[in-house]
Amino acid sequence: MPRILDGKVVRDQILLELRPRVAALPRRPGLAVVLVGDDPASAIYVRSKVKACEDLGLYSEKHAPPATTTTEELLALIHDLNQRPEIDGILVQMPLPRHVDAKKVLMAVTPEKDVDGFHPFNVGNLVSGNPGPRACTPSGIMELLRRNEIAVAGKKAVVVGRSDIVGKPMALLLLHAHATVTICHSKTADLAGECRRADILVAAIGRAGLIRRDFIKPGATVVDVGMNRLTTAEEVEAVFPGNEAKQAEFARKGSLLFGDVHPLEVDEAGAVTPVPGGVGPLTIAMLMANTVAAAEAHLGQG
Ligand code: NDP
């Protein structure tokens, strides 16, 4: 059976290392979180980010404009947050409502406060290997690999997904760590064949259980970024046939979190991240790390 790469253990290590850095600052690092509308999944993510700030002793404030908010109103809010010296980081929770120009809003966050690493200035720094905040999910995965002593240099890495927030920055970070990287997407011919060549396979797709046994090279490290929800008993039965414990868990919770990798088909992998408890906790830890680093830079202690 594969080794389980526990994201919570790595998260706790990262947060523990941040504590003395926070304590050394003359004031608390400050994070502003902007949550537009009432998407329940986004609300859960924002709650856990605010809670992580509290636990680490960071100042945080939440702005929750209604779903009808215009691009201009959001730009005004961001402009205000950009000006405030006690705010070191600004996070705009994605996705934004369709009528909002998300690119414009992300561009408006000043690069020094862009703790998500989404601003084109910081994307440019990532591409050219200059210092700067990195997108939280991919940088968390790099920490997971490093702290579990999974070699990257010289390995074949396959990233499935080419989004700006996960797939592309993931591929670049692996490339900078000297992997030979392939990026796959919905138009890739022979996805299973490409994946089967991977020593390190990162699935960031958003399709429940797409990665099956025949996608995985024996001994490979498989990182599952996907966070999909199974919302019917039939879906649960389809992926966990005859599994009463899973049906009971589903009945209790009303839905089940399920990754992009089928958890019953990873037995030949060398190491895997679980869902939940794998990549998710790392994303928040790296957001905290980026916020602390932004505060250090603002306070001249970087
Ligand atoms: P996007 O929808 O932005 O991107 C999905 C990518 O997957 C696209 O590049 C798409 O290809 C590709 N894709 C879709 N279907 C297929 C297919 N059948 N075969 C091959 N490739 C396919 O998603 P995100 O990158 O934002 O997120 C991906 C997943 O990760 C989601 O489940 C999300 O919830 C989760 N996530 C988890 C985080 C965490 O902290 N654990 C953080 C962020 C995201 P194309 O470009 O051709 O359309």
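A residue is counted as near a molecule when one of its heavy atoms lies within 4 Å of it. In the predicted model described here, 22 residues surround the ligand, and Arg162, Ser163, Ser186, Met227 and Thr283 are the closest. By class, this shell comprises 10 nonpolar, 10 polar and 2 charged residues. Among the elements of secondary structure, helix H11, which spans residues 279-298, makes the greatest contribution to the shell, with 3 residues.

Polar groups of the protein approach the ligand at several points. A polar atom in the side chain of Ser163 is 2.5 Å from an oxygen atom of the ligand. For Arg162, a polar side-chain atom is found 2.7 Å from a ligand oxygen atom. Val225 contributes through its backbone, a polar atom of which lies 3.5 Å from a nitrogen atom of the ligand. The ligand exposes 920 Å² when taken alone, and 72% of that area is buried by the protein.

The domain assignment divides the chain into domain 1, residues 26-112, and domain 2, residues 136-279. A distance of 28 Å separates the C-alpha centres of domain 1 and domain 2. Leu31 belongs to strand E2, which covers residues 30-34. The relative accessibility of Leu31 is 0%, so Leu31 counts as buried. In sequence Leu31 is 56 residues from Ile87, yet the C-alpha atoms of Leu31 and Ile87 are 5.7 Å apart in space.

No disulfide is present: a search of the whole structure returns 0. Cys53 takes part in none, and the cysteine sulfur nearest to that of Cys53 belongs to Cys136, at 11 Å. Because a disulfide requires two cysteine sulfur atoms within 2.5 Å, the distance of 11 Å between the sulfurs of Cys53 and Cys136 excludes a disulfide between them. Likewise, Cys136 is in no disulfide, with the sulfur of Cys53 as the nearest cysteine sulfur. Cys53 is buried, with a relative accessible area of 1%, and Cys136 is also buried, at 4%.

Cis peptide bonds are found at two proline residues, Pro95 and Pro276. The bond between Met94 and Pro95 has an omega of about 0°. Pro95 is situated in the loop that runs between strand E4 (89-92) and helix H4 (102-108). The bond from Val275 to Pro276 is likewise cis, with omega near 0°. Pro276 is placed in the loop between strand E11 (271-272) and H11, the helix that gives the most residues to the shell around the ligand.

Positive phi values occur at His178 and Asp190, neither of which is a glycine. Phi of His178 is about 75°, and His178 is located in the loop between helix H7 (167-176) and strand E6 (180-184). Its relative accessible area is 56%, and His178 is therefore classed as exposed, a term that applies over 50%. For Asp190, phi is near 55°. Asp190 lies in the loop between E6 and helix H8 (191-196). With a relative accessibility of 51%, Asp190 also counts as exposed. Strand E6 thus borders both loops, the one that holds His178 and the one that holds Asp190.

Definitions and conventions:
Residues are numbered from 1 along each chain as its sequence is written. This is a predicted model: local features need pLDDT of at least 70, side-chain atom pairs count only at pLDDT 80 or more; totals for chains, interfaces and linings use all residues. Side-chain values use heavy atoms; hydrogens and water are left out. Buried means under 20% relative accessible area, exposed over 50%, partly exposed in between (1.4 Å probe, protein chains only). A polar contact is a pair of N or O atoms within 3.5 Å; within protein, one must be able to donate a hydrogen and the other to accept it, and residues adjacent in sequence count only if both atoms are side-chain atoms. Accessible areas come from the Shrake-Rupley method with a 1.4 Å probe; for residues, only the protein chains shown count as cover. Helices (H or I, at least four residues) and strands (E, at least two) are DSSP runs, numbered from the N terminus. Ala, Val, Leu, Ile, Met, Phe, Trp, Tyr, Cys and Pro count as nonpolar, Asp, Glu, Lys and Arg as charged, and the others, Gly among them, as polar. Domain bounds come from an automatic or database domain assignment.
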